[in-house]
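Colleague: I have a model open and want to learn how to read it. Can we go through it feature by feature?

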Amino acid sequence: MEYDEMKTMVKTHCCAQCSGALTIVWNGDAGEHVLVCGIDHSHQGYTEIGTFSTQLARGKADERLGKGGQSEMEKQLAKTKHPLSTMPKVDLGTNKELSEQQLIALNAWGVSLGLKPYLGHVCLYYGKPYTTVDGYYYRLAGNKTELRIGTRPLTKLEKEYYQIPAGSYAWLAEAWQNGVELPTTGLGVVTKEEFEGKSEKNTEQWRAPVVHAHPQRMAEKRAEWQLLRKLVPLEEVEKAAQGVK
Ligand SMILES: [Zn+2]
């Protein structure tokens, strides 16, 4: 990870294991700066610092509002806001604006999966509907044992092991339950080709503008998403729903 990217992450992320603030230290052996937990350097993984809207989207508003806060907020939102008004208005792959018809179909698809589209649980990506990271967390929120999920860039060794092409961004997402690491992981890769590629139709434009702007963030999100997809048994339901679309 570049030093500037670490500096940004100190502000946006915390330790996945203890929620402690992150800090940048010099690793003499590796000859590079590393981003570590400020409380215990051996802790693994980073997680986004949750804003209230993220907590709400992930079904965790009770943590801030007290018991019943989440369902109360949901009731109010469902009443006051048109479900389409808070949904992402663009295709997250192409950044193209969605038509009202697409939004209506996407909303219906999300509701059929037991999700709350007005909380940002579904999106369209290159024309296909997907459950977002927040949507998966929302489904996990009811679980009795809390799952902690952390992300981190792959080490040099892991990049070799996974045969990641040079110049790519590659992140790993890992999960812990009761402090025990689960064997399931998620890998997120953004290749150089992908974030530097130009559009075939218009060579002045990037092929994937969203990925080009934030390749590291995208690799991180993809890793988290891949892991959540494996941990939350929603995939079969999604497939069926896509089939009837
Ligand atoms: Zn920590």
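Colleague: Start with a helix. Which residues in α10 are buried?

Modeller: Keep in mind that this is a predicted model. In α10 the buried residues are Pro215, Met218, Ala219, Glu220, Lys221, Arg222, Ala223, Glu224, Leu227, Leu228 and Leu231. Charged names appear in that list too, including Glu220, Lys221 and Arg222.

Colleague: What covers the buried residues of α10?

Modeller: The cover includes α6, β7, β8, β9, α8 (192-196) and α9 (209-213). Take Ala219 as a probe. Leaving aside neighbours within four places in sequence, Ala219 contacts Tyr169, Ala170, Trp171, Gly188, Val189 and Val190.

Colleague: How many ångströms should α10 span, and what is the distance between its end C-alpha atoms?

Modeller: Use the rise per residue. At 1.5 Å a residue, the 17 residues of α10 should span 24 Å. The end C-alpha atoms of α10 are 24 Å apart, so the two values agree.

Colleague: Now the core. Which residues touch the most other members of the largest nonpolar core?

Modeller: The general idea comes first. In soluble globular proteins, nonpolar side chains tend to be buried together. Here the largest nonpolar core has 43 residues, and Leu22, Trp171, Ala219 and Leu227 touch the most other members. Two or more residues of this core come from each of β1 (13-15), β3 (32-37), α2 (52-57), α5 (100-112), β5, α6, β8 and α10 (215-231).

Colleague: α5 is on that list. Which residues of α5 are buried?

Modeller: They are Leu106, Asn107, Trp109 and Gly110. Seen down the axis of α5, the buried residues fall within an arc of 165 degrees, so they line one face of the helix. The general rule helps: an α-helix has 3.6 residues a turn, so residues three or four places apart point the same way. The face of α5 turned away from the buried side carries exposed Glu100 and Gln101.

Colleague: Does the length test carry over? What span should the 13 residues of α5 have?

Modeller: At 1.5 Å a residue, they should span 18 Å. The end C-alpha atoms of α5 are 18 Å apart, which agrees. Just after α5, Gly114 takes a positive phi of about 80 degrees.

Colleague: Is Gly110 in α5 buried or exposed, and why?

Modeller: Count C-beta atoms. Gly110 has 25 others within 10 Å, so it is buried; the cut-off is 20 or more. Beyond four places in sequence, Gly110 touches Leu115, Pro117, His121 and Val122. Gly110 and Gly135 are 25 residues apart along the chain, with 9.2 Å between their C-alpha atoms.

Colleague: I want a contrast. Is Gly142 buried or exposed?

Modeller: Gly142 has 7 C-beta neighbours inside 10 Å, so it counts as exposed. Gly142 sits in the loop between α6 (133-140) and β7 (147-153). From Gly142 to His121 the C-alpha distance is 16 Å, with their places 21 residues apart in sequence.

Colleague: On to strands. How many bridges join β8 to β9, and in which sense do they run?

Modeller: There are 8 bridges between β8 (residues 169-177) and β9 (residues 180-190), and the strands run antiparallel. For one register point, Leu172 has Leu187 in β9 as its bridge partner. β8 and β9 form a hairpin with 2 residues between them.

Colleague: Which residue in that turn has a positive phi?

Modeller: Most residues other than glycine have a negative phi, and most peptide bonds are trans. Asn178 is not a glycine, yet it has a positive phi of about 50 degrees. Asn178 is exposed, with 8 other C-beta atoms within 10 Å.

Colleague: Where is Gln163, and what is its phi?

Modeller: Gln163 lies in the loop between α7 (156-161) and β8. Its phi is positive, about 55 degrees, although Gln163 is not a glycine. Gln163 is exposed, with 6 other C-beta atoms within 10 Å.

Colleague: How many bridges pair β5 with β6?

Modeller: β5 (residues 122-125) and β6 (residues 128-131) pair over 4 bridges in the antiparallel sense. Val122 has Thr131 in β6 as its bridge partner. This hairpin has 2 residues between the strands, and Tyr126 takes a positive phi near 50 degrees.

Colleague: Last, the whole fold. How many helices and strands does the protein have?

Modeller: It has 11 helices and 9 strands. The radius of gyration is 19 Å, close to the 18 Å of the globule rule for 245 residues, so the protein is as compact as a globular protein of that length. Of the 245 residues, 30% count as buried.

How values were computed:
Residues numbered from 1 in each chain as written. Predicted model: local features only at pLDDT ≥ 70, side-chain atom pairs only at ≥ 80, totals over all residues. Pairing = 2+ DSSP bridges. Buried ≥ 20, exposed ≤ 12 C-beta atoms within 10 Å, placed from the backbone. Rg over C-alpha atoms; globule rule 2.2 N^0.38 Å. Core = buried A, V, L, I, M, F, W, Y, C linked by C-beta atoms within 7 Å. Contact = placed C-beta atoms within 7 Å. Expected span 1.5 Å × (residues − 1). Arc of directions from axis to C-beta.
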